[in-house]
Every structure is written in C-alpha cells, then in structure tokens.
Amino acid sequence: MELALGVDIGGTNTRVGAVTEDATVVSRHSFDTAVHRDADSFADALTASVHQVMATAENELGEIRWAGLGIGAPNANFHKGTIEAPPNLNFKGITPMVNLLSERIDLPFIAITNDANAAALGEKFYGAAKDVNNFIMVTLGTGLGSGYFVNGKLVYGHDGFAGELGHVTVVPGGRYCGYGRRGSLETYCSATGIVRTFFEMIALHNKPTLLDDVPVGRVTSKSIANAAAEGDFIATETFEFTGDLLGKALASFALTTSPEKFFLFGGPLNSGELILKPARSAYEANLIDPYKGKSTLEVSALPMGDAAILGAAALVRAEK
C-alpha cells in the first residue's frame, strides 16, 4: 500500500495525516503551532508528529510505501520550498521549510505550497474536479484564498505566488486589509468580512437583530447565518450583499482563464443558498456575453474536517 503524508500548518494548530489514494485519512496527529518561537523548534515538533503518524499507520496497516510529504502553509513558495513572511506564524522572514524537514525526515519527496493552492490540488485529486482541467478554487475563511488550474496544471507564476484573488480590489476606497490596501475582496467576502458587513448593515438600516444580545466579539459568520435562516432582516441583507459582491468579483475573475467551474470552500458556504443564490445570480448577470452559460459556481466536495490534510497530500500526487 502506498500512502502520502499531508501537513496543514495553521497559525493555531498544525495537523498531520496519512492519506490513501482513495482520500481516506488513516492516521493523524496535531500540535500547537503558536508555542514554537522559531523555525528549528517548529521543524523538530513537526518531525516528531510526522514520525508518530507514520508509525501509527504502519502498526495498523503493515508495510507501507511512503510516496512523500506535502505541506500547505500561509505564504508558502512552491518553487523555493520556503514560507515567506507569514502573517500568523511566530517565525518571520524566509523559512526554508522543505530543507529543514529534508534534514530530519527520510522521504523520497517533500514539497510545500500555500494553503489555497493545496485546496485546489485537493479538489483536483480527491474532490469534484477530477475531470475538470480548468477551474478556480476559492477558499473562504478568516481570509480569502484561491488557486488556479489551467489546462490541468496548477498555476504558480514565476515566483510561486500567482492567483491571490483575495487581495484584488473590488471596492475602490473600501476597507483596509492587512497589507494596507483598500477594498480587497477578502475584507468583504471572508468570514471576518461578513461580520464587518453585519455591523455596517446595523448602522445603515437601524433595525434590531436576533443577535442584539450577543457580545460584539462573539458574533461570527455562523451566528449571522443562523439568524438569517430564522428570517433576521439585517443578517439576510448581510448575506445578500456578500453573495452579490462575490458573484460580481468572480465574473471578472472568469475573464482571466475562462474556467469551467469555480469551487467554493469554507465555513461561510455552510449558509447554503443564503450566499450561493445571490452569488450565482450576480455571477451570471455580470459575465460578458461570450462567457455566459459556460461556467458554474459549485461547492467543494472536500470534507471540511480533512480538506487541508487532503490538499497537502495531493501535492505529493501531483508531483509524482
């Protein structure tokens, strides 16, 4: 049996899993990312976690051929094997993560890519894009990431950072993002952007909501979606605005590579038609005539809990 290892490096936790070719995670382990103040300490902890996952899988399944290790991480550069100035990790600057792990772990292949690219790879190898060669993956979470597949290949660009749709300006003069730009898509259509819109809608409409008694810091995109599902006007307007803006943005992005599908992934998609209906309507309405009726917005088929590990493991499959 051949397995691939997938690693999801997050600002809070790092998760490791062993993945079969049919997308089953047969063993897993996680540890606290934030306690590690430097890259060497983190690499030591990750090495121990990987070895634990490998040992567990071998004890349960017997002899295993390890195809390699794929890593999804913020600001990861596939070409260089580095993590570069990550916004939510303690080790700053440029970290040669692939080299650090290659010195510690005996595997035939180790590679890294950013987390949104990993999600796109996961969709291609384990999800709904197995037979789709031209698509754009959009991940909606704390931020908004994306990965492009063109003619069956993931697009990295010359420096490994292609396809950052979350930082494209969609509202000139709008909200500030972490890079000091204004009006970026992720400041509106991420989970945190949805919360910001909710409070703006309260100020705009001056109406009560079902969340009035919830402390400001505890209002989430999920709680807003739950309120909208119960008919709350402010929450419903929040998702109408978000879906409409997302659909319009994706209609513009479709012009870049003419994808067959957009796959959408992340917590806000649990709101279902609250966001999908206005997004699909705005998408089709804002496509120019030669593009109309040729592409669709779909929800990712990746399981929410294991998507990041599957995406990272798919990097191994892609490069075999």
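**Side-chain contacts, cores and ring pairs in the predicted model**

A polar contact of 3.3 Å joins the side chain of T256 to the side chain of Y148 in this structure, which is a predicted model. T256 belongs to helix α7, spanning residues 233-257, and is exposed, its relative accessible area being 51%, a value that falls in this class because exposed residues are those over 50%.

Helix α7 also contributes to the interior. The largest nonpolar core comprises 38 residues, of which V138, I224, L250, F253, F262 and Y283 touch the most other members. Two or more residues of this core are supplied by each of the strands β9 (135-140), β10 (144-150) and β12 (261-265), and likewise by each of the helices α4 (186-189), α5 (191-205), α6 (221-229), α7 and α8 (273-286). The largest share, 10 residues, comes from α7. The surroundings of F262 illustrate the packing: when residues up to four places away in sequence are not counted, F262 touches I136, V138, L250, F253, A254, Y283, T296, L297 and E298. Apart from this core lies another, made up of 33 residues that include L69, I71, A76 and I105.

Aromatic pairs number 8 in the structure. In one of them, the ring centres of F42 and F91 are 5.2 Å apart and the planes meet at 40 degrees, so that the pair is classed as tilted. This pair links distant parts of the chain, with F42 in helix α1 (residues 39-61) and F91 in the loop between β6 (82-84) and β7 (94-95), 49 residues apart. Both partners are enclosed: F42 is buried, with a relative accessible area of 0%, and F91 also counts as buried, at 4% relative accessibility. The pair formed by F198 and F199 is edge-to-face, with 5.4 Å from centre to centre and 75 degrees between the planes. Here the burial of the partners is unlike, for F198 counts as buried at 1% relative accessibility, whereas F199 is partly exposed, with a relative accessible area of 29%. Ring pairs further link F31, F42 and F91 into a cluster. A charge-over-ring arrangement is found as well, in which K207 lies over the face of F233 at 5.4 Å from the ring centre.

Strand β4 (residues 65-73) has 8 of its 9 residues buried and is therefore largely enclosed by the rest of the structure. Strand β1 (residues 2-9) runs parallel to β4 and is joined to it by 7 bridges, with D8 standing opposite G72 of β4. Strand β8 likewise runs parallel to β4, the two being joined by 5 bridges, and A111 in β8 is the bridge partner of G70.

Strand β8, which covers residues 110-114, also holds T113. T113 is buried, with a relative accessible area of 1%, in contrast to T256, which is exposed at 51%. The side chain of T113 nevertheless makes a polar contact, of 3.4 Å, with the side chain of N117. With residues up to four places away in sequence left out, the contacts of T113 are I71, G72, A73, A76, F78, A118, L121, Y156 and L315. Among these contacts of T113, I71 and A76 are also listed in the core of 33 residues, and G72 is the residue of β4 that stands opposite D8.

Conventions: Residues are numbered from 1 along each chain as its sequence is written. This is a predicted model: local features need pLDDT of at least 70, side-chain atom pairs count only at pLDDT 80 or more; totals for chains, interfaces and linings use all residues. Side-chain values use heavy atoms; hydrogens and water are left out. Helices (H or I, at least four residues) and strands (E, at least two) are DSSP runs, numbered from the N terminus. Buried means under 20% relative accessible area, exposed over 50%, partly exposed in between (1.4 Å probe, protein chains only). A polar contact is a pair of N or O atoms within 3.5 Å; within protein, one must be able to donate a hydrogen and the other to accept it, and residues adjacent in sequence count only if both atoms are side-chain atoms. A nonpolar core is a set of buried Ala, Val, Leu, Ile, Met, Phe, Trp, Tyr and Cys residues joined through side-chain atoms within 4.5 Å. Contact means heavy atoms within 4.5 Å. Rings of Phe, Tyr and Trp (its six-membered ring) pair if their centres lie within 6.5 Å; planes under 30 degrees apart count as stacked, over 60 as edge-to-face and the rest as tilted. A charge sits over a ring if NZ of Lys or CZ of Arg is within 6 Å of the ring centre and within 35 degrees of the ring normal. Two strands pair if DSSP finds at least two bridges between them.
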